[in-house]
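Here are some notes for a colleague coming to this structure without prior acquaintance. They are meant to be read with the model in view.

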Amino acid sequence: MIGAATRLLALLGNPVGHSLSPRIQNAAIESMGLDGAYLALRCEASDVAGLLRGIARAGGGGNVTLPHKEEAARTVDHPTDVVRLTGACNTFWSDGGRICGDNTDVQGFRGAVETLLGEPASGRKVLLLGAGGAARAALIGLLEDEVDEVVVWNRTLAKAEMLVEALGAGRARTAASLESVTEVPFELVVNSTSLGLADADPLPIELEVLREPAPVLDLVYRPTETRLVRRARELGMPAADGGEMLVRQGAEAFQRWWDRAPPLPVMRDALEEVRRDATPEPLHEE
Ligand code: NAP
């Protein structure tokens with residue numbers, strides 16, 4: 001029950017109404033018998049610093065989502081190396097009065113890859129679609145896992161070039177078009193574009209162009225299966241959407257706030273419960 005000692009954990013973003021994190025985090029808090037409450041607060045960029053610092057200094061913490069991750073990275077006193085590298089902070093808390101910030105998307109991504117493949121992506125050739133914030137986290141995660149090579153394709157080529165230049169560490173290159181990568185036998189395909197969120201979105205890639213079938217990780221999540229995941233499964237390719245990454249990044253954040261091992265099965269069940277509750281809406285065919 002909420003009382004005078006209850007810790008406030010808050011998600012700062014805009015919009016936040018669609019977020020599944022409150023359901024996942026509150027289920028975890030409840031299952032561990034902790035005194036906390038996780039709320040979603042829609043806020044303007046100009047309010048991020050005040051809210052973040054105030055909540056943390058009052059003993060709480062939280063997450064930050066689009067479009068405020070960069071603002072949060074500038075606000076925290078003690079950013080982790082991953083926050084410095086990505087320029088984005090999605091988790092904050094206070095340690096002895098200092099506001100700490102981390103980006104748990106990287107570990108969340110690595111965990112999701114491992115769940116899909118049954119092992120880390122080490123040694124694999126990877127096709128990464130997109131060059132935004134999620135792609136930055138994915139590229140760092142893939143390089144930490146010591147993949148063989150990452151080929152980055154993005155609608156705006158210049159952004160892919162900037163990403164590879166900044167973070168590629170000599171093991172990533174860009175592709176100007178998806179047609180130009182058909183010769184590479186990819187062993188993992190990651191969609192980090194936002195295509196797939198809306199019903200009417202086209203697929204980010206026609207999977208038939210790949211030289212060989214490959215596991216597909218779509219970072220997009222929605223209550224029902226994404227169209228890319230459905231297409232991959234139709235073609236016999238192992239596939240997963242962004243649900244596991246969402247749970248894993250939340251589990252990493254839980255660990256930072258509570259200094260305890262996160263109850264992963266409870267968090268996964270909470271996500272599945274939201275999915276079951278959602279009215280299945282058939283994806284329209286193109
Ligand atoms: P972002 O920084 O805004 O980047 C969006 C990316 O999508 C860019 O590469 C953009 O290409 C591309 N894109 C947008 N519209 C497109 C279109 N019509 N055709 C082709 N490409 C298009 O967003 P983000 O933070 O990277 O997030 C991307 C997706 O990952 C979102 O769906 C988000 O929900 C998801 N995500 C999931 C998790 C998780 O835990 N599962 C975590 C983070 C993000 P341009 O550069 O050409 O604009």
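**Notes on the predicted model**

1. A convenient place to begin is V150, which, once its neighbours within four places in sequence are left aside, is in contact with V126, L128, L139, L142, R171, A172 and R173. Please keep in mind throughout that this is a predicted model.

2. V150 also belongs to the largest nonpolar core, which has 32 residues, and it is listed there with F109, L128, L139, L142, L188 and L217 as the residues that have the most contacts inside that core. At least two residues of this core come from each of α5 (105-117), β7, α6, β8, α7 (157-167) and β10, and α6 gives the most, with seven residues. As a general background, nonpolar side chains tend to be buried together in soluble globular proteins.

3. Apart from this core lies another one, of 22 residues, and A28, W93, V247 and W258 are among its members.

4. Strand β7, which spans residues 125-129, deserves a paragraph of its own, since four of its five residues are buried. Over five bridges, β7 pairs in the parallel sense with strand β8, residues 149-153, and within this arrangement L129 stands opposite W153 of β8. β7 also pairs in the parallel sense with strand β10, residues 188-191, in this case over four bridges, and here V126 is the residue that stands opposite L188.

5. What is the handedness of the β-α-β unit made by β7, helix α6 and β8? With helix α6 covering residues 133-144, the unit is right-handed.

6. Elsewhere in the model, six strands form an open sheet with mixed pairing, and their order is β2-β1-β3-β5-β6-β4. The edges of this sheet are β2 (36-42) and β4 (78-79), each of which pairs on one side only. Inside that order, strand β5 (residues 91-95) and strand β6 (residues 98-102) run antiparallel and are joined by five bridges, with S94 standing opposite I99 of β6.

7. Which helix packs on this six-stranded sheet, and which strands does that helix touch? Helix α9, residues 243-258, packs on the sheet and touches β1 (7-13), β2, β3 (61-64), β5 and β6. The direction of α9 makes about 10 degrees with that of β5.

Methods:
Residues are numbered from 1 along each chain as its sequence is written. This is a predicted model: local features need pLDDT of at least 70, side-chain atom pairs count only at pLDDT 80 or more; totals for chains, interfaces and linings use all residues. Side-chain values use heavy atoms; hydrogens and water are left out. Buried means under 20% relative accessible area, exposed over 50%, partly exposed in between (1.4 Å probe, protein chains only). Two strands pair if DSSP finds at least two bridges between them. A crossover is right-handed if, with the strands pointing away from the viewer, the path from the first strand over the helix to the second runs clockwise. A nonpolar core is a set of buried Ala, Val, Leu, Ile, Met, Phe, Trp, Tyr and Cys residues joined through side-chain atoms within 4.5 Å. Contact means heavy atoms within 4.5 Å. Axes are lines fitted to C-alpha atoms, for helices over the stretch in contact, and angles run from 0 to 180 degrees between N-to-C directions.
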